[in-house]
Each structure stands twice: as structure tokens, then as C-alpha cells.
Amino acid sequence: MEDPMPNPRYSRLRPLLAWILIAAPALAPAAPLPFSGVLWPYYSYQVQLPSGSPDHFSGSGAGIGGRLNLPFGLFADASYQWNNEFVAPAGGFAGSHLDQREARAGGGVNFFVPFSPLSLYGRIDYVHFGQTVRSGGVDLGHSNDDGTGYFGGVRFDGFGFALYGEGGYVNLSDADGPEARAGLELPLGRQLRMFAEYRYDDFRFGDGSGQRLRFNEARVGVRLPFGL
């Protein structure tokens, strides 16, 4: 039986509630299917800025990363990157170039916010940096630095594009410091997506010298989904 005297306040809310119920499925980010994933080959340009030195290495490279979605919101991830960088014409390494290699592997968990285009995630990775300095074909020094990275991030998926941001801390055997990343994804087709992102690291050496090494890096690539 119809209420002969409906509450006027509730009557004004009903259209708003109806629109929320209609829009919620479109705005809510879809949880990825278990044992599906994404590969992302990309181009990288990186600048390394050591404190207290006129030398700074910069150069381009390439990398590939991947993520495998697992049940219960879990995922595994891995990446590998190589950059060929040249030193600015100053300081003790003038005319040299640097082979910079970076590898990561780990995993984490996604948290999807109900009735919203947001998702949150946490991740722990093994992190490896390898560097070789060469001048005139002669190796001037090689170093390896390994450790663990701890990260948390947020992602917005809606209206045909995605925005994401991430912050964390990398603890290596010889250095440690914060890392931050932000990016944008745009569709190139039904599933293929292009992305552009910026990453910043600020590592402090653990030898008590107070020296720091900052990384500024830009990446451009594509996301390629797959299913098992």
C-alpha cells in the first residue's frame, strides 16, 4: 500500500540514491581475474645526481615488467631494466659511461574500494642494482647493491583512463632511501594501454659520509594484458 503521506526529505533523496545505484557498477574498478596479468615493455630516460660531485650520469634505456594476478587479491610482480648513461663533461669521470642494471621481484595485495573507482595496494620487492663504469673500453669499477623495497600505492580507474601514485622505501646493502612514482594510462585500443610515468629515488649511503645519490627517471611504454 502506498504511503499516503511520504516523507518529503526522503522524496528528495530518492533520485540521488537511484543515480548512485546506476553509476556504482560503472565506477567500481573490476577486480582482475586470477591467473591473468599484464606485461609492460617501456623506454626509460634516467639521470643520476650524486651529491658533492660535478659528475652526473644520464642516458636512455629499456625495460620490461610484469604482474601475475593471483586469488584473493594477491599478485606477483617482476621487472628488469638496463640504461646506458654518459657522464656530463666535468669531474673525474668525464668521458666515461655507465651500464646501469636494475632487477626487482616480489608481490603484494590489492584492496578494491567498494562503489568507487579507487584501488589500494601494498607490495614488497627484492631490489638489485648493478653498475659498471667504463672509459675507452676499460672498466673503471663495478658494484652490486641488493636489498628490499616496501611500497604502497593508490590507483584511479575511470572515464577511460587511469592515474596512479606510489610511495615507499628501499633498503639496500650499501644505501637506502625513499622512492616515489606517479603515472598516467590511456587506452590505445580495446585492451592495449599506453602509460607515462615519473620515478624519483633519494638514496643515502650507509658509510657515514652523508653522501646521497638521486635518481630522476621518465618512462613511456605500453600495457599488454594476458590470461592463463
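Where is the place of M194? M194 sits in strand 9, and we'll come back to that residue after a look at the whole chain. Keep in mind as you read that this is a predicted model.

**The chain as a whole**

You're looking at one helix and 10 strands. Starting from the N terminus, the order is α-β-β-β-β-β-β-β-β-β-β. The chain has 228 residues, and 33% of them count as buried. Its accessible surface adds up to about 12900 Å², with 67% of that belonging to carbon and sulfur atoms. If you take the contacts between residues at least 6 apart in sequence, 55% of them join residues at least 24 apart.

How does the confidence look? The average pLDDT for the chain is 85, and 81% of the residues score at least 70. There is a weak stretch, though: over residues 16-28 pLDDT stays under 50, and the model has seven contacts beyond four places in sequence for that stretch. Where pLDDT is low, the predicted coordinates shouldn't be read in detail.

**Strands 7, 8 and 9**

Strand 8 has partners on both sides of the sequence. Strand 7 (residues 161-172) runs antiparallel to strand 8, and 10 bridges join the two. They form a hairpin with two residues between them. To find your way along this pairing, look for E166, whose bridge partner in strand 8 is R181.

Then comes strand 9 (residues 193-205), which is also antiparallel to strand 8 and is joined to it by 11 bridges. This hairpin has five residues between its strands. A handy marker here is G183, which stands opposite E197 in strand 9.

**M194 and the nonpolar patch**

Back to M194. Is this residue buried, exposed or partly exposed? M194 has a relative accessible area of 32%, so it lands in the partly exposed class, which covers the range between 20% and 50%. Leaving out neighbours within four places in sequence, M194 is in contact with L184, E185, L186, L188, G221 and V222. The chain also brings R223 to M194: the two are 29 residues apart in sequence, yet their C-alpha atoms are separated by 6.2 Å.

M194 belongs to a nonpolar patch on the surface, along with L39, L163, L184, L186, L188, L192, V220 and L224. Together these residues have about 680 Å² of accessible area. Strand 8 (175-187) and strand 10 (212-227) are the elements that give two or more residues to the patch. L39 comes from strand 1 (residues 36-50) and is partly exposed, at 38% relative accessibility.

One general point helps when you look at this region: in a regular strand the side chains alternate between the two faces of the sheet. In the stretch around the patch, E185 is buried, with a relative accessible area of 4%.

**Charged pairs**

The count of salt bridges comes to 18. Side chains of opposite charge can pair when their charged atoms come close. Here are three of the pairs:

| Salt bridge | Closest N to O distance |
|---|---|
| R155 and D157 | 2.7 Å |
| R193 and E185 | 2.9 Å |
| E217 and R219 | 3.0 Å |

How exposed are these residues? R155 is partly exposed, with a relative accessible area of 21%, and D157 is partly exposed too, at 23%. With E217 and R219 you get another picture: E217 counts as buried at 1% relative accessibility, and R219 counts as buried at 11%. Both values fall under the 20% cut-off, so both residues get the buried label.

**Two phenylalanines with positive phi**

Last, have a look at a pair of loop residues. F72 isn't a glycine, yet it has a positive phi of about 65 degrees. F72 is in the loop between strand 2 (57-69) and strand 3 (74-87), and at 80% relative accessibility it counts as exposed.

F159 also has a positive phi without being a glycine, at about 60 degrees. You'll find F159 in the loop between strand 6 (138-158) and strand 7. F159 counts as exposed because its relative accessibility is 70%, and the exposed class begins over 50%.

Note on methods:
Residues are numbered from 1 along each chain as its sequence is written. Side-chain values use heavy atoms; hydrogens and water are left out. Patches are made of residues with over 30% relative accessible area and no salt bridge: like charges are joined within 9 Å, nonpolar side chains (Val, Leu, Ile, Met, Phe, Trp, Tyr) within 5 Å. Accessible areas come from the Shrake-Rupley method with a 1.4 Å probe; for residues, only the protein chains shown count as cover. A salt bridge is a side-chain nitrogen of Lys or Arg within 4 Å of a carboxyl oxygen of Asp or Glu. Helices (H or I, at least four residues) and strands (E, at least two) are DSSP runs, numbered from the N terminus. Buried means under 20% relative accessible area, exposed over 50%, partly exposed in between (1.4 Å probe, protein chains only). Two strands pair if DSSP finds at least two bridges between them. Contact means heavy atoms within 4.5 Å. pLDDT is the predictor's confidence in each residue, from 0 to 100.
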